[in-house]
Amino acid sequence: MLKKIIAAFLYGVYRMLNPLFQFQDISILTYHSISDATIDIAVMPANFEKHLALLKGKGDAFVSLAQIVTWLKHGAPLPRRAVALTFDDGYADFETAALPILEKFGAPAAMFIMSDAETSRPRLGNDLPLLTRESIERLRTNPLVAFGFHGRTHANVAKLSTEELRTEMARPDNMRYFAYPGGSYSHEAMRIAKELGYDAAFAIKPGLVTKESNPYLIQRNVIERDMRNWEVMMRVTKAFEWYSRLSRWFK
Ligand SMILES: [Zn+2]
């Protein structure tokens with residue numbers, strides 16, 4: 001409770017200071033399922049739509065992951081407030097529930113999928129249906145959708161040897177980005193991501209993307225079912241970074 005009050009206070013301070021300081025806020029949000037399932041990683045479609053409407057209303061530009069990566073690595077221009085949307089695990093509701101909303105807002109999205117769905121399935125801790133091969137092929141033709149790799153079997157890469165990492169993370173020809181499954185990573189996994197030719201790799205790590213971000217450990221903020229709208233909005237601002245730093249003190 002105290003934590004929430006502090007978070008809300010910091011977000012208030014941020015909103016007061018923003019017109020003055022014109023903060024550069026570049027962020028990446030991570031969703032999983034967009035459905036009514038009563039699990040943490042499922043965000044209800046109506047809430048997802050509300051998130052996009054609020055982001056748009058705040059003046060955030062929806063950009064692709066590629067735009068953020070080229071800004072980070074090569075200094076390409078990017079709007080002052082930009083947010084990229086990512087989806088992990090490849091849940092089937094991406095096509096049926098999330099995509100129509102993304103299309104309404106013209107918001108690009110990157111979907112991180114595994115190649116061995118059968119082995120991955122029991123590791124996800126839910127029984128939501130995954131995208132079929134056919135739906136993935138269909139989605140590939142959609143200009144708003146990009147695919148990245150989420151490992152062959154959704155294994156915890158922090159626990160794998162160098163040789164196992166090379167197998168688990170082996171880069172499919174048509175994919176440029178890797179997202180560490182469950183957010184667990186190791187320095188070796190980061191090194192292998194680079195060695196395998198990925199342009200960038202993504203963590204589950206709260207905070208904004210800055211020019212100092214490591215391209216093989218890019219921050220992403222997970223959005224969960226029970227988050228209030230302001231908690232979601234706060235995650236695309238500096239206020240969340242202030243809060244993350246403060247809450248480390250409290251531990
Ligand atoms: Zn995952």
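This passage describes the metal site, strands, helices and largest pocket of a predicted model.

The zinc ion is held by three residues, D89 through OD and H150 and H154 each through NE2, at 2.1 Å. Along the chain these donors follow the pattern D-x60-H-x3-H. D89 belongs to the loop between β5 (81-88) and α4 (93-105), and H154 to the loop between β7 (145-149) and α7 (162-168), so this pair ties together parts of the chain that lie 65 residues apart in sequence. Both of these residues are buried. For D89 the relative accessible area is 6%, and for H154 the corresponding value is 14%; the latter counts as buried because the limit for that class is under 20%. The backbone at these two donors is also notable. D89 adopts a positive phi of about 85° although it is not a glycine, and H154, likewise a residue other than glycine, has a positive phi near 60°.

The loop that follows α7 offers a contrast in exposure. D173, located between α7 and β8 (177-179), has a relative accessible area of 76% and is therefore exposed, the threshold being over 50%. The C-alpha atom of D173 is separated by 9.9 Å from that of G197, a residue 24 positions away along the chain.

Among the strands, β1 (residues 25-31) is mostly covered, with seven of its seven residues buried. D25, S27, L29 and Y31 point one way from β1, while I26, I28 and T30 point the other way, and the residues of both sets are buried. β1 has two strand partners described here. Seven bridges join β1 to β5 in a parallel arrangement, and within this pairing I28 stands opposite A84 of β5. The strand β5 also precedes the loop that carries D89. Two further bridges join β1 to β10 (residues 221-222), again in parallel, with T30 opposite V222.

A further parallel pairing involves β6 (residues 109-113) and β7, which are joined by five bridges. In this pair, I113 stands opposite F149 of β7. Strand β7 is itself mostly covered, since four of its five residues are buried. The loop between β7 and α7 contains the zinc donor H154.

The helices were next examined for the distribution of buried and exposed residues. Helix α2 (residues 45-57) comprises 13 residues and spans 18 Å from its first C-alpha to its last, close to the 18 Å expected at 1.5 Å a residue. Its buried residues are F48, H51, L52 and L55. These cover an arc of only 90° around the axis, which means that they occupy the same side of α2. Such an arrangement accords with the geometry of an α-helix, in which 3.6 residues make a turn, so that residues three or four places apart point the same way. On the other side of α2, A46 and G57 are exposed. Just after this helix, G59 takes a positive phi of about 90°.

In helix α8 (residues 187-195), the buried residues include A189, M190, I192 and A193. Their arc around the axis is only 165°, and they therefore lie on the same side of α8. H187 and K194 are exposed on the other side of this helix.

Helix α6 (residues 133-140) combines a covered side with a contribution to the largest pocket. S135, I136 and L139 of α6 are buried, and because they cover an arc of only 105° around the axis, they fall on the same side of the helix. R133 and E134 are exposed on the other side of α6. The largest pocket has a volume of about 360 Å³ and is lined by 16 residues. Of these, I113, M114, S115, R133 and I136 lie nearest its centre. Helix α6 supplies the largest share of this lining, with four residues. The residues nearest the pocket centre thus include I113, which is also the residue opposite F149 in the pairing of β6 with β7, together with the exposed R133 and the buried I136 of α6.

Key:
Residues numbered from 1 in each chain as written. Predicted model: local features only at pLDDT ≥ 70, side-chain atom pairs only at ≥ 80, totals over all residues. Heavy atoms only, no water. Donors = N, O, S within 2.8 Å, 3.2 Å for Na, K, Ca; no water. Buried < 20%, exposed > 50% of the residue type's maximum accessible area, 1.4 Å probe, protein only. Pairing = 2+ DSSP bridges. Expected span 1.5 Å × (residues − 1). Arc of directions from axis to C-beta. 1 Å grid on protein atoms, 1.4 Å probe; cavity = no way out; pocket = protein on both sides within 12 Å on 5 of 7 lines; lining within 4 Å. Points joined across faces, edges and corners; volume = space filled by probe spheres on them.
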